[in-house]
Every structure is written in structure tokens, then in C-alpha cells.
Amino acid sequence: LRAFKGHIGRVLCITITTRTEYDPVTHDPLKRTLVATGSWDRSIKVWDLETKEILHDLGGPESTNTCDNSNGHLNTVRDLSFSPDGYVLSSGSDDETVRLWNML
């Protein structure tokens with residue numbers, strides 16, 4: 001069991017994916033499991049399941065905006081989904097927008 005803390009508002013949605021990355025030295029395939037959480041505080045956080053490190057901090061009042069779509073949502077994040085390869089995250093919000101985030 002793992003607890004992830006980082007949002008300042010209630011977490012309303014979560015999605016998880018396992019993707020293949022490659023070791024930069026050996027080029028061996030590595031599996032990495034990511035967890036994305038969306039919150040009432042308008043933010044999205046993407047975590048490495050193994051290390052619990054925040055890989056991406058998207059939108060919201062205290063965000064470092066680590067992706068190109070840096071403005072984020074203007075209202076509560078209600079839905080999240082990873083693409084099949086785990087390199088794009090989609091988010092839906094009460095601000096009536098859907099955003100696509102590059103997870104490279």
C-alpha cells in the first residue's frame with residue numbers, strides 16, 4: 001500500500017499505466033508504472049509508482065507546470081486517461097475542456 005501526497009484539494013480521479021522505456025546506456029527495455037491523479041484544486045500530478053516521485057505537475061494553483069500545456073484547467077479535473085503507450089495523458093474538467101498532455 002502506498003500513499004501519495006501533493007494535492008491541496010480532494011483527489012477526484014486516478015488512472016494508471018505501465019509503459020516501456022529504454023535504459024539510456026544499455027538500451028535495455030525497462031517497465032515504468034505511472035499514476036496520474038486529478039483534483040478539485042485544478043491540478044494533475046503524475047507519479048512514478050515505484051519511487052513516488054512527482055514526474056509532472058500540471059495546472060492548479062501551486063503547479064510547476066512541467067508540460068507544454070502549462071495553463072492547465074480553470075476548474076475541477078474530473079477525468080483522466082492514458083493513451084495505450086502511456087505517453088499521452090488526456091484530462092477532462094468542469095471548465096468544459098479536454099486537454100492532451102505529452103508525458104515524455
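**Figure 1. Overview of the chain.** Read from start to end of the sequence, the chain follows the pattern β-β-β-β-β-β-β. The model is predicted. Seven strands and zero helices are present in the chain. The chain has 104 residues, of which 40% count as buried. Where two residues at least 6 apart in sequence are in contact, 43% of these contacts join residues at least 24 apart. About 6,300 Å² of the chain is exposed, and carbon and sulfur atoms supply 50% of that area. Five salt bridges are found in a search of the whole structure.

**Figure 2. The four-strand sheet.** Four strands make an open sheet in the order β1-β2-β3-β4, and their pairing is antiparallel. Strands β1 (11-22) and β4 (54-58) have a single partner strand each, so one side of each is left without a neighbour in the sheet. From one strand to the next, the twist averages 15 degrees.

**Figure 3. Pairing of β1 with β2.** Strand β2 covers residues 29-39 and pairs with β1 in the antiparallel sense over 11 bridges. Two of the cross-strand positions are shown here. Ile-14 stands opposite Thr-37 in β2, and Thr-15 has Ala-36 of β2 as its bridge partner. The hairpin of β1 and β2 has six residues between the strands, and in this hairpin His-27 takes a positive phi near 65 degrees.

**Figure 4. Pairing of β2 with β3.** Strands β2 and β3 run antiparallel and are joined by five bridges. On this side of the pairing, Val-35 stands opposite Trp-47 in β3. Four residues lie between the strands in the hairpin of β2 and β3, where Arg-42 takes a positive phi near 80 degrees.

**Figure 5. Salt bridges around Glu-21.** The side chain of Glu-21 meets that of Arg-19 in a salt bridge, with an N to O distance of 2.8 Å. Arg-19 and Glu-21 are both buried. A salt bridge also forms between the side chains of Glu-21 and Arg-32, at 3.4 Å from N to O. The pair of Arg-32 and Glu-21 links distant parts of the chain, with Arg-32 in strand β2 and Glu-21 in strand β1, 11 residues apart. Is Arg-32 buried, partly exposed or exposed? Arg-32 has a relative accessible area of 24% and is therefore partly exposed, since the buried class ends under 20% and the exposed class begins over 50%.

**Figure 6. Salt bridge between β3 and β4.** The side chains of Lys-45 and Asp-57 meet in a salt bridge, 2.7 Å from N to O. Distant parts of the chain are linked by this pair: Asp-57 belongs to strand β4 and Lys-45 to strand β3 (residues 44-48), 12 residues apart. Asp-57 and Lys-45 are both buried. Elsewhere, salt bridges that share partners join Arg-19, Glu-21, Arg-32 and Asp-48 into one network.

**Figure 7. The three-strand sheet.** An open sheet is formed by three strands in the order β5-β6-β7, with antiparallel pairing. Strands β5 and β7 (98-102) are the edge strands, and each pairs on one side only. The twist in this sheet averages 20 degrees from one strand to the next.

**Figure 8. The hairpin of β5 and β6.** Strand β5 (residues 77-82) pairs with strand β6 (residues 88-93) in the antiparallel sense, over five bridges. Ser-81 stands opposite Ser-90 in β6, and Phe-82 stands opposite Leu-89 in β6. In this hairpin five residues lie between the strands, and Gly-86 takes a positive phi near 80 degrees.

**Figure 9. A nonpolar surface patch.** Which residues make the nonpolar surface patch of about 290 Å²? The patch is made by Val-88, Val-98 and Leu-100. Leu-100 is found in strand β7. The relative accessibility of Leu-100 is 57%, so Leu-100 counts as exposed, the cut-off for that class being over 50%.

Key: Residues are numbered from 1 along each chain as its sequence is written. This is a predicted model: local features need pLDDT of at least 70, side-chain atom pairs count only at pLDDT 80 or more; totals for chains, interfaces and linings use all residues. Side-chain values use heavy atoms; hydrogens and water are left out. Two strands pair if DSSP finds at least two bridges between them. Axes are lines fitted to C-alpha atoms, for helices over the stretch in contact, and angles run from 0 to 180 degrees between N-to-C directions. Buried means under 20% relative accessible area, exposed over 50%, partly exposed in between (1.4 Å probe, protein chains only). Contact means heavy atoms within 4.5 Å. Accessible areas come from the Shrake-Rupley method with a 1.4 Å probe; for residues, only the protein chains shown count as cover. A salt bridge is a side-chain nitrogen of Lys or Arg within 4 Å of a carboxyl oxygen of Asp or Glu. Patches are made of residues with over 30% relative accessible area and no salt bridge: like charges are joined within 9 Å, nonpolar side chains (Val, Leu, Ile, Met, Phe, Trp, Tyr) within 5 Å.
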